[in-house]
Amino acid sequence: MRRLQRALLFVAILCLTVLGLAYWLLQRSLPDLDGNHEIPELVSAVDVVRDEVGVPHILAKNFDDVIFAQGYVTAQDRLWQMDLLRRAGYGELAEIFGIPALETDKEQRVLGFKRLAL
């Protein structure tokens, strides 16, 4: 009976540790939406304000800064999507999805989108 209690306690502690580590890793991967970032490419200050549902609104003094900030905000929110679309165009989906994506990769490579993009 004592051995069973220790085993259950060990399993419970192990589960809590794994859940805590998973939570920490997922939280760490989220973009930093608060605070100031020093970006030397900007000509003047840019404000990015997110509304209650998280939609960014960009306020800047010139068009180039707006475009740069739009790219920055898009990368914060959609970097995984941008990478997935790049891999799809280059025919590199099988690197992350394995055999099921191999035929799609072959088709993309035959079409030569990577050569056109570079």
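A pocket, as the word is used here, is an open set of grid points with protein on both sides within 12 Å along at least five of seven lines. With that in mind, let us walk through this structure, which is a predicted model.

The largest pocket holds about 480 Å³ of space. Its lining is made up of 20 residues, and those nearest the centre are Gly 35, Asn 36, His 37, Val 46 and Val 48. Sorted by class, the lining of this pocket has ten nonpolar residues, along with five polar and five charged ones. Strand E1 and helix H2, which spans 63-90, each bring at least two residues to the lining. Helix H2 gives the most, with five residues.

Strand E1 is a good place to go next. Strand E1 covers residues 47-50 and pairs with strand E2, residues 56-59, in the antiparallel sense over four bridges. If you would like a landmark in this pairing, look for Val 49, which stands opposite His 57 of E2. The two strands form a hairpin with five residues between them. In the turn you will find Gly 54, whose phi is positive at about 95°.

From the hairpin we can cross over to helix H2 by way of a salt bridge. Asp 77 pairs with Arg 50, and their closest N and O atoms are 3.2 Å apart. Asp 77 belongs to helix H2 and Arg 50 to strand E1, so this pair ties together parts that are 27 residues apart in sequence. Both partners are partly exposed: Asp 77 has a relative accessible area of 32%, and Arg 50 has a relative accessibility of 22%.

Another link between distant positions involves Leu 42, in the loop between helix H1 (2-28) and E1. Leu 42 and Asp 65 are 23 residues apart in sequence, yet their C-alpha atoms are 5.7 Å apart in space. Setting aside neighbours within four places in sequence, Leu 42 is in contact with Asp 65 and Phe 68. With a relative accessible area of 21%, Leu 42 is partly exposed, because the buried class takes in values under 20%.

Now follow helix H2 to Arg 87. Is Arg 87 buried or exposed? Its relative accessibility is 15%, so Arg 87 counts as buried. Not counting residues up to four places away in sequence, Arg 87 touches Glu 92, Leu 93, Glu 95 and Ile 96. One of these, Glu 95, is its partner in a salt bridge, with the closest N and O atoms 3.1 Å apart. Glu 95 itself is exposed, at 57% relative accessibility. Salt bridges that share partners join Asp 83, Arg 86, Arg 87, Glu 92, Glu 95 and Lys 114 into one network.

Glu 92 is another member of that network, and it sits in the loop between H2 and helix H3 (94-97). Glu 92 is buried, with a relative accessible area of 11%. Beyond its neighbours within four places in sequence, Glu 92 is in contact with Arg 86, Arg 87, Asp 105, Arg 109 and Lys 114. Arg 86 forms a salt bridge with Glu 92, the closest N and O atoms being 3.2 Å apart. On its side of this bridge, Arg 86 is partly exposed, at 34% relative accessible area. In the whole structure there are seven salt bridges.

Key. Residues are numbered from 1 along each chain as its sequence is written. This is a predicted model: local features need pLDDT of at least 70, side-chain atom pairs count only at pLDDT 80 or more; totals for chains, interfaces and linings use all residues. Side-chain values use heavy atoms; hydrogens and water are left out. Two strands pair if DSSP finds at least two bridges between them. On a 1 Å grid over the protein atoms alone, a cavity is a set of points where a 1.4 Å probe fits but cannot get out, and a pocket is an open set with protein on both sides within 12 Å along at least five of seven lines; lining residues have an atom within 4 Å of a point. Grid points are joined across faces, edges and corners, and a volume is the space filled by probe spheres set on the points. Ala, Val, Leu, Ile, Met, Phe, Trp, Tyr, Cys and Pro count as nonpolar, Asp, Glu, Lys and Arg as charged, and the others, Gly among them, as polar. Buried means under 20% relative accessible area, exposed over 50%, partly exposed in between (1.4 Å probe, protein chains only). Contact means heavy atoms within 4.5 Å. A salt bridge is a side-chain nitrogen of Lys or Arg within 4 Å of a carboxyl oxygen of Asp or Glu.
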